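The following exercises concern one protein chain. Please examine the sequence and the structure before reading each solution.

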Amino acid sequence: MAQRIVTHVIRNQDGDTIALCNPEEAWAQRRKEWAISDILLHRHEYFVLGQNNGLRRIIVVNDPQGNYLRTSPDSLPGNNLDSLSVIERNPWELALEDAEVLAVHAALVPVGPGRVLLMGGDEHDKSNADGGDIHNTRFYDFIINEVRDVGSPEADTFCCGHAFLPDGRWLVGGGTEEWNDPGLEDEHIDIHGNPRNHWSGTRECAAYEPADEQWSSVAPMLPEPGQATRGGGRWYPTLITLADGRILAVGGHPRVDPGDPAVNDGRHGSWLPEIYDAATNAWTYAGGHWLYVDWVDVPPQVELPEGQVRPEGASNYLYYPRLFVVPGGEVFLASPNDGNCGWYNPATGLIAPLLLDSPPHDGRGYAETNHTAVLLPLLPGDGYTAHVLFLGYESAQRISLGGIDRMIDPENPPNWKPAGVRDWPADPPLRRHGCSVLLPTGEVFFTGGLDHDQTEGGSPDNSAVLEGEIYSPGIDWKTNTYNFADETWTTTPPASVARNYHSIALLLPNGLVLTAGSNINGSSGGDDVKEYRLEMYSPWYDGDPDRPRITGSPSALGYGESFQVISPQASKIARTALMRCGSVTHAWDGDQRYIGMEFELVALGVLQAVAPPGGDIAPPGPYMLWIVDQQGRPCEQASFLLLA
């Protein structure tokens, strides 16, 4: 066990110690809960200096109100911790030095007070892939700050897609079947005679059951359309949960084997969307239009789906396209398809005739993971209007779509607009590979990424953006409506860990934000280019002793159902919301979602709230229930529930 000398403390408004500190040592700051875990789990010993520089051990004292820290033996007139100098809290804290896996993918698991799955597959390491070392998944318990093995799917989940099923299971689809081998480019010829040079996507899928911590295989994705066994699969796909609970898979590279035409997919991309239905454990092709097609790779003589027109000069294949289920049940294509944003109908497989301009992109395009996008809170007072925010270039852009009635004037369609002025003394950074996280306050936290243009080549860590940004969209919470004239940006202090390609950020049910993963300088390879450290961001409300508490709430809800929330602070609550459990990879969290709810105080300590009206507003699956008081402080711990 390492010995840590405590020289300072951080205290809350009530004077309680909430963190131990030593600015002169590498560990610098340790929140009280994790220091308690360190001591109880025999990871670290903590001491304060006594008389003549003697060491006084810090111990954990059991108390009915919760464990706390004291020194032993106590000094007179009180605990030595009480006499230490107080310093200002750093909102960033290094949680663990070694997560044991490269966290390329992560998901919040709705069990107990919450846990996080960290998943890397082969961890962008060819030696791991070649050697079969692909089962790299860990279970992160952020309460005691510890990781442990939890098993993995059978397939290599590196660069898979994922989304939550209505029953709370986490569906993982696709991933890496074979690494790209540039040396075989000339041999890799498709059925149309075109050369290929890309990774092979797997068809295999698995689901994680939080209740028993087990993975189970589910139906594989379909082979190439029109083929019995050949091709299919997806590498770098987007999976999202539809309004009816089925899972839509879009994009990705299919299976490839240059030496075996019986395996090799005839397409460069998995352009036809497919849908998984857990009730039948089967995938079906949606039919209709292809999405995100690399048209350069499609010979002119190929017959296109009915109603689809080949655009001139378009080559727009995207990795992990940013998609959102919006009111009405359609899917908004926030990542431009054939140069335009628009609405995709998963029931018909067709793109709506009304097409929108793509957001300004400073000439950099939308390839790979240069940008992040997020659906802003859906609010009843706003008619659940969908507002989408894009960030990844110098300016942030937002667009306001139709609400629950989807009344849009084709003569005056929605358009992208600048989303306020970012809070930087000079030109704001690009934040390439950065992540966006919805907070329970209704704000958006942006973290990680690089201030480096992909066209310049490489992904150097020395261009990392360490500061975070908080975007407030200007919501009037009394009316649950937006006033974008009041939108603001605030820059936060810097993190200590650079987050480059293959990093993640995820909201936890205590309101903190976990950051993890990253390939150092964007490189593939062994442990020397893998970032294993976990770092936590604490928003302004963390540590406030007066945050409200939920002491009673349902574990399951139906749409439109009226339900009760028990809280000692019920009379001081100003808003209630459901936030979907997140699952994030490649600067993109297709699961996160914030839905405001109407409510009223019906008795002492009792709130009566109304669940969202349908799956187009809140797709079925696992959610966190949040209450927020009149000072804007979210509850200490959100409650989990299944919405269906």
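**Exercise 1.** How many helices and strands does the protein chain have?

Solution. The model is a predicted one, in which local features need pLDDT of at least 70, side-chain atom pairs count only at pLDDT 80 or more, and totals for chains, interfaces and linings use all residues. Residues are numbered from 1 along each chain as its sequence is written, and side-chain values use heavy atoms, with hydrogens and water left out. The chain contains two helices and 51 strands (DSSP runs: H or I of at least four residues for helices, E of at least two for strands, numbered from the N terminus).

**Exercise 2.** Determine whether the radius of gyration agrees with that of a compact globule.

Solution. For 644 residues, a compact globule would have a value near 26 Å, by the rule of 2.2 Å times the number of residues to the power 0.38, over C-alpha atoms. The protein chain has 25 Å, which agrees. Along the principal axes, its C-alpha atoms fill a box of roughly 90 × 55 × 50 Å.

**Exercise 3.** Locate D265 and describe its surroundings.

Solution. First, D265 is found in the loop between β21 (247-250) and β22 (274-277). Next, its relative accessible area is 2%, so D265 is buried (under 20%; exposed is over 50% and partly exposed in between, with a 1.4 Å probe and protein chains only). Of the 644 residues of the chain, 60% count as buried. Finally, the side chain of D265 reaches the backbone nitrogen of R267 at 2.8 Å, and a polar atom of that side chain lies 2.8 Å from the backbone nitrogen of G232.

Conventions: A polar contact is a pair of N or O atoms within 3.5 Å; within protein, one must be able to donate a hydrogen and the other to accept it, and residues adjacent in sequence count only if both atoms are side-chain atoms.
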